[in-house]
Amino acid sequence: MLLHCRKFLSLQRGRRITFITQMRTLSSHPEPELKEFLDYIDSLKNYEKSGVPTAAGTDSNQGFDLGRMERLMNRFGNPHSKFKVVHIAGTKGKGSTAAFISNILRTEGYSVGCYTSPHIQTIRERILLGRSGNPVSAKVLNNLFHRIKQNLDQAMREENGRISHFEVFTTMAFILFAEENIDIAVIEAGLGGSRDATNIISSSGLAASVITTVGEEHLAALGGSLETIAMAKAGIIKQSRPLVLGGPFLPHIERIIRDKAEAMDSPVILASDTGNSSTVKSLSILNGRPSQICDIEIQLVKDLKLSCKLIDVKLQMLGSHQLQNAATATCVALCLRYLGWKVSDESIRAGLEQTYLLGRSQFLTSEEADALGLTGATILLDGAHTKESANALVNSIRMAFPEARLAFVVAMANDKDHVGFAREILSGAHVDIVLLTEAAIAGGVTRTTPASLLRNSWIKAYEELGIEIIHDGMAEYRELLKTQTLSYESNLGNDGKTILATESSLKGCLRTANEVLNRRRGDEIGVIVVTGSLHIVSSVLTSLNG
């Protein structure tokens with residue numbers, strides 16, 4: 001595998017990688033056509049920016065008012081009732097699974113609408129439309145906004161201004177899907193499931209529901225425990241409609257979901273069933289980008305009988321977690337086939353292989369590294385922000401670069417498990433330097449964690465793991481800074497201790513990380529990993545376009 005990665009690095013230095021059309025990097029420059037729309041939607045309550053209230057995602061008196069979304073849909077002729085839906089909930093893997101499913105169905109020739117969140121560079125990324133799978137154009141989005149604005153204003157008055165950013169954009173997505181006359185929509189729940197604005201799909205409109213994983217994210221908003229989170233996500237299960245589970249799940253969590261499915265008379269397909277197997281065999285290079293060569297075999301006999309055997313699938317989405325997402329998407333495709341949709345094994349394979357998402361195990365090209373002033377550097381962007389995704393990220397790095405020297409640049413939201421995230425990173429690999437910074441979240445700073453607080457969490461993780469460090473709160477660190485005028489990396493470069501520091505500038509973080517790796521790595525590969533949220537990933541990509 002290391003040989004393949006060295007080959008990848010040489011390719012990075014000699015050529016430009018072209019992203020597939022569907023997920024190409026979109027310009028982050030202002031879009032004048034959308035100014036009025038963006039001003040309008042940014043004036044609405046945005047829980048991505050402000051944080052979600054306690055218990056808002058639970059099926060309780062404190063939960064979001066789903067009736068408001070139903071009234072909004074009714075005002076616009078119930079567009080959500082005019083197409084079939086695959087509805088996806090889960091703590092992690094929703095977006096990747098949605099992308100896999102959408103590409104499989106497009107490959108088969110279906111016109112597909114895909115609705116996901118958050119976006120990386122432009123809000124248009126959240127709505128992929130038709131057979132091309134391209135983001136909705138600024139012109140189409142702007143025209144729709146002006147057509148419905150008067151109705152939106154009336155609805156806002158009747159709802160006393162309570163309609164949110166997410167509710168308006170979800171409404172617009174559903175209207176566009178109906179007007180496009182799509183064959184099927186793949187819809188990602190925004191938060192939880194039960195009270196999410198997307199959960200207005202009736203059983204007659206639902207093709208299948210999907211729950212990818214259940215983990216401790218948005219804990220307060222979803223009831224305070226893993227069990228209440230599972231119950232919230234199980235809220236997307238509909239009467240007599242099949243449920244595909246990703247997993248693996250803790251036994252009692254799976255039981256909670258299965259009990260809900262049984263009560264709804266819904267057949268259950270478990271992608272992580274012991275009868276199925278998914279294996280990463282090797283790492284290779286596909287179109288200048290690393291890919292993992294995998295086997296996926298589905299053999300299910302409970303509830304629905306499904307089978308499929310795919311050998312040597314070339315996944316551009318790296319890591320065992322992405323292989324699990326691919327297996328889950330395969331089960332969804334087989335479920336649809338069982339229900340009468342035409343989906344061939346060839347389309348499943350091609351759809352899986354074509355899928356690539358920004359900010360998920362994304363390596364920058366040599367030209368992009370040059371644009372950041374980091375010529376020759378290997379830079380990996382990944383939006384991991386939970387302890388589970390941190391573990392998956394480290395495992396992916398170890399698979400691709402088992403001997404690499406690592407530098408992490410991290411920014412996180414304030415509602416994440418910072419210590420747990422740091423612990424997973426540090427226990428999975430030796431890290432030469434961690435640089436902590438800050439990134440705006442949904443255009444605001446309300447949920448941004450100050451770098452100084454992140455540092456406290458990382459110090460705690462280091463102490464728990466017994467790892468010796470030098471951090472910028474130590475006298476030893478300050479003395480080293482004074483000894484030379486070049487840069488502190490000159491002093492720390494050959495020391496075996498891990499460096500922990502805060503830095504306000506993202507470019508400063510990247511520059512420092514690169515300098516430390518250059519001094520320490522010798523003949524080894526050095527990898528700069530930017531992670532902690534999709535928002536810091538977005539900041540890097542935005543700097544490339546600005």
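Is Arg 447 buried or exposed? In this predicted model, Arg 447 is buried, with a relative accessible area of 9%. That residue is a good place to begin a tour of the charged side chains, as Arg 447 forms a salt bridge with Asp 415, and the closest N and O atoms are 3.0 Å apart. The two partners come from distant parts of the chain, 32 residues apart. Arg 447 sits in the loop between strand S15 (433-436) and helix H15 (451-465), while Asp 415 belongs to the loop between S14 and H14. Unlike buried Arg 447, Asp 415 is partly exposed, because its relative accessible area of 34% falls between the limits of 20% and 50%.

A second pair is found beside this one in the account. Glu 217 forms a salt bridge with Lys 416, with 2.5 Å between the closest N and O atoms. Glu 217 lies in the loop between S6 and H8, and Lys 416 in the loop between strand S14 (405-410) and helix H14 (418-428), so this pair ties together parts that are 199 residues apart in sequence. Both side chains have low accessibility values: Glu 217 counts as buried at 7%, and Lys 416 is buried as well, at 14%. How do these pairs relate to Arg 447 and Asp 415? Salt bridges with shared partners join Glu 217, Asp 415, Lys 416 and Arg 447 into one network.

Turning to another part of the chain, the side chains of Arg 124 and Glu 31 meet in a salt bridge of 2.7 Å, taken from N to O. Here too the pair links distant parts of the chain, 93 residues apart. Arg 124 is in the loop between strand S2 (112-115) and strand S3 (127-130), and Glu 31 is in the loop between helix H1 (2-14) and helix H2 (35-42). Arg 124 is buried, with a relative accessible area of 12%, and Glu 31 is buried at 19%, a value that falls under the 20% limit. A search of the whole structure finds 27 salt bridges.

Charges also gather on the surface. Glu 216, Glu 227, Glu 388 and Asp 417 form a patch of negative charge there. One of these residues, Glu 216, lies in the loop between strand S6 (206-211) and helix H8 (226-233). With a relative accessibility of 47%, Glu 216 counts as partly exposed, whereas Glu 217 is buried at 7%.

Technical notes. Residues numbered from 1 in each chain as written. Predicted model: local features only at pLDDT ≥ 70, side-chain atom pairs only at ≥ 80, totals over all residues. Heavy atoms only, no water. Patch = residues over 30% accessible without salt bridge, like charges linked within 9 Å, V, L, I, M, F, W, Y side chains within 5 Å. Areas by Shrake-Rupley, 256 points an atom, 1.4 Å probe, with all protein chains shown as cover. Salt bridge = Lys/Arg side-chain N within 4 Å of Asp/Glu carboxyl O. Lys, Arg positive; Asp, Glu negative; His and termini not counted. Charge placed at Lys NZ, Arg CZ, Asp CG, Glu CD. Helix = DSSP H or I, 4+ residues; strand = E, 2+ residues; numbered from the N terminus. Buried < 20%, exposed > 50% of the residue type's maximum accessible area, 1.4 Å probe, protein only.
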